[in-house]
Structure formats: structure tokens, C-alpha cells
Protein chains: 2
Amino acid sequence: MSRLPIYLRTLADLPPSQTTCSSEQMAALAGVNSAQVRKDLSFLGSHGTRGVGYGVLELRSQLRRALGLNTDYAVIIVGAGNLGAALSNYGGFETWGFAVVAIVDADPAKIGTEVAGIQVESIDQLEHIVAERSVEIAIIATPSRVAQDVANRVTGAGVRSILNFAPAVLDVPATVKVRRVDLSTELQILTYHLQQ
Amino acid sequence: MSRLPIYLRTLADLPPSQTTCSSEQMAALAGVNSAQVRKDLSFLGSHGTRGVGYGVLELRSQLRRALGLNTDYAVIIVGAGNLGAALSNYGGFETWGFAVVAIVDADPAKIGTEVAGIQVESIDQLEHIVAERSVEIAIIATPSRVAQDVANRVTGAGVRSILNFAPAVLDVPATVKVRRVDLSTELQILTYHLQQ
DNA sequence: TAGATTGTTAATCGATTAACAATC
DNA sequence: TAGATTGTTAATCGATTAACAATC
């Protein structure tokens with residue numbers, strides 16, 4: 001196992017009201033095999049007790065550490081259009097340790113307005129903001145036309161992780177990680193089952 | 001292979017200016033192994049010519065058929081907030097055979113306004129719209145609080161595919177397929193590599 | 001002690017890839 | 001014919017799972 005399986009994230013949220021939990025229970029919860037759960041947990045340096053199960057509190061903090069949920073990551077959103085606004089308003093980020101520290105846009109009419117309680121700043125400030133606020137993740141929510149430009153600028157400024165919502169393939173240095181959320185692909189996958 | 005690999009979709013868009021294309025070229029394009037390309041295409045009932053490659057036009061139409069890109073799917077967007085608006089404005093849907101036939105919202109202030117050239121309708125009309133316009137896919141872009149309610153209503157109305165943007169797990173009949181786009185998970189995956 | 005559950009091995013399964021005869 | 005590329009087999013690789021001794 002080179003990388004932590006993502007299903008473990010659901011277990012990082014286990015209610016501590018239950019003091020222990022068996023691999024069988026966790027498997028049912030996460031929809032995987034119990035042997036897999038035991039194997040993955042043992043890889044983390046397991047702390048189960050035979051005949052009893054795993055201590056939930058211990059497990060939670062262990063998983064959170066392993067999954068990087070204890071650190072806060074500073075996020076910049078580039079593009080204050082509908083998508084940028086939707087992302088800013090999205091409630092789920094803080095829960096998982098992401099802090100939106102800036103929203104920037106190129107449109108002078110948008111600069112200075114508030115989106116989700118954050119003032120939109122000028123894209124001219126991008127490099128400055130990234131450096132000053134230790135931004136680690138950039139979310140590109142611009143038209144595809146300018147996505148590559150933005151990617152160049154954020155990577156130039158030192159960002160090493162990009163979440164790209166623009167329907168465009170970005171060309172970045174190998175050290176930069178890009179994840180693309182392609183809404184069409186998501187719909188595509190849904191249609192597999194429509195065709196029986 | 002139980003299901004068509006999604007990487008084939010990139011090949012369905014091959015420029016027909018090039019009359020033939022080798023498995024090697026396609027592999028480079030899609031970032032997979034050439035043997036895999038040949039195997040998958042042969043599964044579709046292959047039409048390559050040894051020593052030459054695959055006919056691009058033939059391949060395109062074959063892939064489009066196999067991937068279901070020839071049919072048009074009617075989509076309803078539930079929620080005309082920032083996310084709903086972002087999705088409506090998203091240019092990529094039509095390209096892949098999805099037609100947004102309605103946007104509905106519960107807020108009377110939003111009903112009647114235009115989003116991406118489509119008039120927002122009342123959520124009261126949901127069942128009526130689904131039936132009348134043969135809606136097959138629902139996109140849930142509402143607050144999580146009401147997501148389950150919406151899911152109940154759209155499945156009740158006959159929708160069998162849901163793309164869920166609300167950070168909530170939906171409880172639906174087994175015959176209904178739900179895909180959840182969880183923005184936090186996407187960020188999560190990005191952070192794996194931040195931790196070296 | 002008896003029952004439950006871990007941790008780990010070995011078996012299984014499936015997916016990926018190398019290799020090459022077939023053949024354009 | 002010579003070179004290129006397919007289609008497919010067999011080998012490899014990795015991931016999943018069954019099974020069970022260890023042990024709480």
C-alpha cells in the first residue's frame with residue numbers, strides 16, 4: 001500500500017460515544033472488507049486489542065494525523081464568479097482543515113465586494129498573497145480561457161497543489177499536483193447505468 | 001472488464017484530421033499502456049488494421065456509441081444559488097450530450113429570474129417538470145439540510161441518477177444511482193502529496 | 001476457560017503489461 | 001518483401017480476501 005486509502009476518512013469521523021469498534025463494524029460502515037480494514041490499520045501501526053476491537057478515540061486521532069487532518073491548509077480561490085462564490089460559501093472546507101484565506105478576481109467591478117464574508121482582492125496581488133499568507137492550495141474557478149495563465153502564476157508563486165474546475169488540461173511542472181474536477185465526467189459516469 | 005474505462009472518453013474526441021491513429025499514440029494521449037488500449041478497443045469489437053492503426057472516424061463513432069455520447073440526457077438542476085448558477089453557466093455539458101432542461105428553487109425571490117438563459121421555476125413544479133420533460137438526471141445543488149428531501153422528491157418523480165453536490169449522504173432506493181462530488185475529498189487527495 | 005477479535009500469512013482474484021505471431 | 005502495428009496469450013504485478021494461530 002503506497003498511499004492511504006480514502007475510505008479511512010469516513011472512520012476518522014467515528015462517534016467516540018462508542019468506546020471500541022471492531023474491524024467488522026468499521027468494514028460495514030465503510031463498505032469494505034474487514035481484512036482490509038485490519039491490514040490498513042496495522043500499516044498505520046495498529047492498536048487493536050484481540051477479542052475487543054480498536055479504541056475509537058485512539059483510532060480517531062491516529063487516523064486524523066495520518067490523513068493530515070490536523071494541519072490547516074491555506075487555500076486561495078481564483079475567480080469570484082458563480083463557481084468561486086459557490087466554493088467560498090461551501091460549508092465543508094473548515095471541517096476538514098482547509099481555510100480559504102483569499103479570493104481574487106480580475107474584474108474591477110468584483111474587487112472589494114464581499115463573498116462569503118471575504119473581500120475579493122485583485123488578481124494583481126496574487127503572488128503577494130500567496131507568499132504572505134503561506135498559501136498551499138489554489139482552486140481555479142475561472143473561465144477555461146485563462147486557466148493556464150492562472151496556473152502559471154500560482155505555480156510561479158510557489159503553490160504546489162491545484163484543484164482545477166475549468167474544463168481545460170493544465171500544463172504544469174512535474175512537482176505540482178493538479179486535480180481536475182470535470183463535471184461532465186461525473187455526469188458521464190452516471191449515464192453508464194442509465195444504459196442498463 | 002465489466003465497465004468501459006473512462007480514459008476512452010478522451011479518445012472519443014480525437015481530431016479526425018488525422019485519418020488513422022496507432023494504439024501507441026492513443027496510449028500516449030490518454031496516459032495509459034498501449035496494450036491496454038488495444039485490449040479495450042478489441043473488447044468493443046475492434047477495427048484496427050495491422051501495420052496501420054485505427055481509423056479515427058470509425059473509432060470516434062464507435063466510442064461515442066459505446067460511451068453513450070450519442071444520446072441526449074435531460075438534466076434538472078435543483079437549487080439556483082451560486083452553485084446551481086455555476087453549473088448552469090458551465091459550458092461543458094452540451095458537448096457531452098447533456099441538456100439542462102430546468103432549474104428550480106424554493107426561494108420565491110429567485111423564481112422567474114434568469115440563470116444562464118434559463119428561467120428559474122418553482123420547486124413545486126418539480127414532479128411535473130420531471131415527467132413532462134423526461135428528466136433523467138437531477139443535480140442537487142441545495143444546502144445539505146434539504147438535500148435528502150430533494151432526493152426523495154426527484155426519485156419519487158422517477159429520476160434514476162443523481163449528482164449530489166451537497167455535503168450529505170443521501171438515502172435512496174437501490175435502483176437509484178448517486179454520485180457525490182465532495183469538494184473536501186478532492187482537497188484531501190491533494191494534500192497527500194503536500195505531506196511529501 | 002470460552003468467546004471474540006486481532007494481525008498476518010497464503011490464496012485468490014483481477015488488472016496491467018510484455019511479448020510475439022499474425023498480417024496489413 | 002520489409003516495416004509497422006494489431007490482437008491475444010501468458011506473465012507479472014498488486015490488491016483483495018479467506019483463513020487461522022495468537023491472544024485479550
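This dialogue reads two features of a predicted model, the surface near DNA strand C and the largest nonpolar core.

Me: Which residues come nearest to DNA strand C?

Reply: A residue counts as near a strand if one of its heavy atoms lies within 4 Å of it. Here 21 residues surround DNA strand C, and those that come nearest are A:Ser23, A:Arg38, A:Ser46, A:Tyr54 and B:Arg50. By type, the residues of this surface are three nonpolar, twelve polar and six charged.

Me: Which parts of DNA strand C lie within 4 Å of the protein?

Reply: Sugar or phosphate accounts for 60% of the strand's atoms within 4 Å of the protein, and bases for the rest. Side chains give an example of each kind. A polar side-chain atom of A:Ser23 is 2.6 Å from a phosphate oxygen of the strand. For B:Gln36, such an atom is 3.4 Å from a sugar or linking oxygen, and for B:Lys39 one is 3.3 Å from a base oxygen.

Me: Which elements give two or more residues to this surface?

Reply: They are α3 (34-43) of chain A and α3 (34-43) of chain B. Of the elements, α3(B) gives the most, with four residues.

Me: How should I read the nonpolar core?

Reply: In soluble globular proteins, nonpolar side chains tend to be buried together. In this model the largest nonpolar core has 80 residues, and A:Met26, A:Leu87, A:Phe93, A:Ile139 and B:Met26 touch the most other members.

Me: What is A:Ile139 in contact with, leaving aside its neighbours within four places in sequence?

Reply: Its contacts include A:Val75, A:Ile77, A:Leu87, A:Phe93 and A:Phe165, along with B:Leu187 of chain B.

Key
Residues numbered from 1 in each chain as written. Chains lettered and ligands numbered in written order. Predicted model: local features only at pLDDT ≥ 70, side-chain atom pairs only at ≥ 80, totals over all residues. Heavy atoms only, no water. Polar contact = N/O pair within 3.5 Å; in protein donor to acceptor, adjacent residues only side chain to side chain. Nonpolar A, V, L, I, M, F, W, Y, C, P; charged D, E, K, R; others polar. Core = buried A, V, L, I, M, F, W, Y, C linked by side-chain atoms within 4.5 Å. Buried < 20%, exposed > 50% of the residue type's maximum accessible area, 1.4 Å probe, protein only. Contact = heavy atoms within 4.5 Å.
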